[in-house]
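Trainee: I am new to this structure and would be grateful for a close look at a single part of it.

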Amino acid sequence: MAESNRKPLIIAGIVAGVAVLVCVVGVGFGGGNQSADQSLQTRLTGIGPVAVLTTADLILTSGRCAIAGQQIAVAQQCTFSIAEFGGSFDLGPVTKRGTLTVITAPANVTVGMTLQGVDASQEVEPGKSTDLTVGRAGGSLTLTCPGLDPCQLQLSAP
């Protein structure tokens with residue numbers, strides 16, 4: 001057998017040996033059905049396709065709104081910006097998602113979003129919810145409460 005014919009076989013043998021070694025070490029030293037170490041779980045949090053959109057992600061840019069925990073009190077209209085996210089080497093979440101629920105309002109609340117230059121808005125009745133999804137580029141969220149009475153909204157995990 002010529003030397004040029006043996007080289008791919010040698011490389012394939014080395015790769016197969018490494019694969020078998022990884023499997024043996026994984027089975028031998030793996031935790032089986034035990035939960036992963038809590039510190040490892042904490043370090044890996046946020047590395048995935050979706051994260052939860054919270055009020056901490058909302059930065060008030062105009063209007064009169066107050067945030068307390070996950071609740072938003074809207075007096076007529078306000079706009080929030082949502083900063084870019086993704087983390088180092090873009091290993092963070094691809095999107096952030098949340099559910100916005102209108103708790104109290106005199107009439108329908110207008111929820112508007114601008115994402116990557118595209119505007120979209122929706123009327124949400126009191127007691128109803130709408131899902132919000134934001135990509136890595138961030139965007140803005142505008143909440144409009146009709147009338148003079150403030151509206152109470154809640155942002156929660158989807």
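In which strand is Ser-140 found, and what surrounds that part of the chain?

Mentor: This is a predicted model, in which local features need pLDDT of at least 70 and side-chain atom pairs count only at pLDDT 80 or more, while totals for chains, interfaces and linings use all residues. Residues are numbered from 1 along each chain as its sequence is written, and side-chain values use heavy atoms, with hydrogens and water left out.

Ser-140 is found in strand β8; strands are DSSP runs of E with at least two residues, numbered from the N terminus. Because its relative accessibility is 18%, Ser-140 counts as buried (buried means under 20% relative accessible area, exposed over 50%, partly exposed in between, with a 1.4 Å probe and protein chains only). Not counting residues up to four places away in sequence, Ser-140 touches Thr-79, Phe-80, Ser-81, Gly-112, Met-113 and Thr-114 (contact means heavy atoms within 4.5 Å).

Two of these neighbours, Met-113 and Thr-114, are also in contact with Asp-119, when neighbours of Asp-119 within four places in sequence are left aside. Asp-119 lies in strand β6, residues 118-124, and counts as exposed because its relative accessibility is 61%. Its side chain makes a polar contact of 2.6 Å with the side chain of Thr-114 (a pair of N or O atoms within 3.5 Å; within protein, one must be able to donate a hydrogen and the other to accept it, and residues adjacent in sequence count only if both atoms are side-chain atoms).

Strand β8 (139-144) also gives two or more residues to the largest nonpolar core, a set of buried Ala, Val, Leu, Ile, Met, Phe, Trp, Tyr and Cys residues joined through side-chain atoms within 4.5 Å. Of the 23 residues in this core, Ile-72, Val-74, Leu-141, Leu-143 and Leu-153 touch the most other members. Strand β3 gives the most to the core, with five residues. Leaving aside neighbours within four places in sequence, Val-74 is in contact with residues including Leu-143, Cys-65, Cys-145 and Cys-151.

Those cysteines lead to the two disulfides of the structure (a disulfide is a pair of cysteine sulfur atoms within 2.5 Å). Cys-65 and Cys-78 form one, with sulfur atoms 1.7 Å apart; this pair links Cys-65 in strand β2 to Cys-78 in strand β3. The torsion about its S-S bond is about -70°, so this disulfide is left-handed. A disulfide also joins Cys-145 to Cys-151, and with 75° about the S-S bond this link is right-handed.

Conventions: Helix = DSSP H or I, 4+ residues; strand = E, 2+ residues; numbered from the N terminus.
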